[in-house]
Amino acid sequence: MKEHAYHPGKLWPSLAQEQLLKAALCDGEEALQAFRTWRQGVDLEGELGYPVLRLLPLAYHNLQRLGLRDPLIGRLKGVYRRFWCENQALFFAMHPVMQHLREAGVDLLMLKGAPLVLSYYRNHALRPMSDFDFAVRMEHLPRAVELLKESGWTLRKELSADGLQFFHAALCMHGSLQVDVHYHFLRECVTPTADQWFWSDVEAVDFQGLQAWQLGPTALLFHTVMHGVRWNEEPPIRWIPDALMVLRQRGGEVDWDRLLAFADSQRLTYRLALGLTYLAENFAVELPESVHTHLQQYRPGVLERIANRAVLGDVRRCYAHPLTKQGVLFAEYCGLVDSANPFRLLWGFSHYLRYCWELRGRLEIFPTIFNGLRQRLGWR
Amino acid sequence: MSTAQYFRLNQPFVVSELIDSEVVIMNLKSGNYYSARKTGALVWAWLESGLPVAAMTSRLAAIYAGDEAAYASDLTAFLDRLLDEGLIQPLAVAAVASADPGDSLPPPSAYQPPLLEVYADMQDLLLLDPIHDTDDVGWPVAKANPVPAI
């Protein structure tokens, strides 16, 4: 797909990052050559950036396995050790929190890093984490938040009806720890139907003696790709090894029909196609022929195309002007809405605007626009 | 001085990882972290596998063909240090032996008394830039002033 060439280092890995990914994920001479190329092209004394840094343990692990002899290997080992320590400390700190919630009967479904560390990488160093994510069932959310607050956690933003409708997680802080409590699984999937799809594909996982849940391979693959394939100031390259881990270890268990049907229903097939074809083209992932055909033939509808402009493109410039900024909000809303009916779309968008502008009611929308214009035009 | 014959790791508060023939150990309760290399790494692997102290001494004597009493003395000093740091606990009876008898780590070619390098605060490690503040063998530059090894 030609889109893989757009936004290197923002939406897709830059050439240097791609070399490091190959050093971390490929085998034999391909990995060793990629490492040598990466080393030559990167300023090791400069700022590597966190996304690259967190890939180094995996590169170290793979290159050690391949017997690389290089003066840099000691420093890579230092990074490996550092992230091993960080994740051990994070898991240790999270255990009593998880235990407290579990004992109160809250079902916990670990998301993102933790289940990948425990069930796929099986090594605390290889998948660095900066925070902890878990999902709770919507009916358990008030209790979960109450328990966290009792334990000294604070919410970055209090729960609200709007937040439950338009956002996907409660961001909780305690000292240097951050936990994202997901009541929806993705920011694009905020309907009960989508929640139900994820909750219906879960499996048990042992978190240091506690019984928790993790997504099954189909839902996990979808979640990983969707979370990764989006434009970001910091290149979201972490999803690539994560998705490869799922595909290499349990790719045979992925229910592709279920995956594609859900992606279609959520109008996320185009992004799924971008992610999967990137893996196929760069990391020799073999997709079933029917999947490949489905993705190739897929044509996104209007709402999906509008939503993708905000998710896949660089919209920073749009935030500079009030009018174009509202265009981004509309594009975001198109990714959330479940109906293409124009009346319902505009009706719902007025609610979304009220939520984004933090207004008490929609009656305040026009006065807010008027005040904005007055200030901009210098009216008294 | 401990006279116990059996020890176990102080889990769940102690975790360790073998990284390129060096064992990195963390005491999650105290926030201290440790490094054991060469013979120290070997003895740690034996502790993990539940090997009794007498068997460790015999193994050292068999591998390095030296004075068993000297090995026993070095071993006791090392185990005392691990006890002081809260990394192991004495057991009255033998633990269930691990499937891995600690043979996966090849012994160093030359004997050196087992050493435990102690780094007093994990936060020191975590605050460092993990690639730029790291020396060529992978330890943070800040290791210039660790607590002296035994």
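## The edge of the chain A sheet

In this predicted model, strand β3 of chain A runs antiparallel to strand β4 (residues 169-174) of chain A, and 2 bridges join them. Across this pairing, A:L155 faces A:C172 of β4(A). A:C172 also has a bridge partner in β5(A), namely A:V179. The pairing of β4(A) with β5(A) is antiparallel as well and extends over 6 bridges.

The two strands β4(A) and β5(A) form a hairpin with 2 residues between them. In this hairpin A:G175 adopts a positive phi near 60°.

## The whole sheet of chain A

The strands just described belong to an open sheet of 7 strands in chain A, with the order β3-β4-β5-β2-β1-β7-β6 and mixed pairing. Its edge strands are β3 (154-155) and β6 (202-207) of chain A, each of which pairs on one side only. Helix α6 (residues 113-121) of chain A packs on this sheet, where its contacts are with β1 (109-111), β2, β6 and β7 (210-215) of chain A. The direction of α6(A) makes about 80° with that of β6(A).

A parallel pairing is found between strand β2 (residues 132-135) and strand β5 (residues 177-182) of chain A, which share 4 bridges. Here A:F132 stands opposite A:V179 of β5(A). A:V179 thus appears in two pairings: opposite A:F132, and as the bridge partner of A:C172.

Between β1 and α6 of chain A there is a loop that contains A:K112. A:K112 has a phi near 60°, a positive value in a residue other than glycine.

## Helix packing in chain A

Two packed helices are described by the angle between their axes and the distance between the axes. For helix α10 (residues 217-228) of chain A and α13(A), the axes come within 9 Å and cross at roughly 95°. The two helices α10(A) and α13(A) are therefore roughly perpendicular to each other. On the α10(A) side the residues are A:V225, A:M226 and A:G228, and these meet A:R271, A:L272, A:G275 and A:L276 of α13(A). By class, this contact of α10(A) with α13(A) holds 4 nonpolar, 2 polar and 1 charged residues.

A second helix pair consists of α15 (residues 302-312) and α16 (residues 322-334) of chain A, which pack at about 125° with axes 7 Å apart. At this angle α15(A) and α16(A) are therefore oblique to each other. Their crossing is left-handed. From α15(A), the contact draws on A:L303, A:I306, A:A307, A:R309 and A:A310; from α16(A), on A:V328, A:A331, A:E332 and A:C334. The contact of α15(A) with α16(A) has 7 nonpolar residues, no polar ones and 2 charged ones.

## Domains of chain A

Chain A is divided into domain 1 (2-299) and domain 2 (305-377). Their C-alpha centres lie 29 Å apart. The contact between them involves 12 residues of domain 1 and 10 residues of domain 2 of chain A.

On the domain 1 side of this contact, the elements giving two or more residues are α8 (161-166) and α13 (269-283) of chain A. The class make-up of that side is 5 nonpolar, 2 polar and 5 charged residues.

## The sheet of chain B and its helices

Chain B has an open sheet of 4 strands, ordered β2-β3-β4-β6, with antiparallel pairing. The edges are formed by β2 (14-19) and β6 (117-119) of chain B; each has a single partner strand, so one side of each is left without a neighbour in the sheet. From one strand to the next the twist averages 20°. Strand β4 (residues 32-37) of chain B is paired with β6(B) in the antiparallel sense over 3 bridges, and the bridge partner of B:S35 in β6(B) is B:E117.

Helices from both chains lie across strands of this sheet. From chain A, helix α5 (residues 73-103) lies across β2, β3 (22-27) and β4 of chain B, and runs at about 160° to β2(B). From chain B, helix α1 (residues 38-48) lies across β2, β3 and β4 of chain B, and runs at about 105° to β4(B).

The loop between β1 (6-9) and β2 of chain B contains B:P12. The peptide bond that joins B:Q11 and B:P12 is cis, with omega about 10°.

Definitions and conventions. Residues numbered from 1 in each chain as written. Chains lettered and ligands numbered in written order. Predicted model: local features only at pLDDT ≥ 70, side-chain atom pairs only at ≥ 80, totals over all residues. Domains from an automatic or database assignment. Contact = placed C-beta atoms within 7 Å. Nonpolar A, V, L, I, M, F, W, Y, C, P; charged D, E, K, R; others polar. Pairing = 2+ DSSP bridges. Axes fitted to C-alpha atoms, helices over the stretch in contact; angles between N-to-C directions. Parallel < 35°, antiparallel > 145°, perpendicular 65-115°, else oblique. Left-handed = near helix turned anticlockwise from the far one by under 90°.
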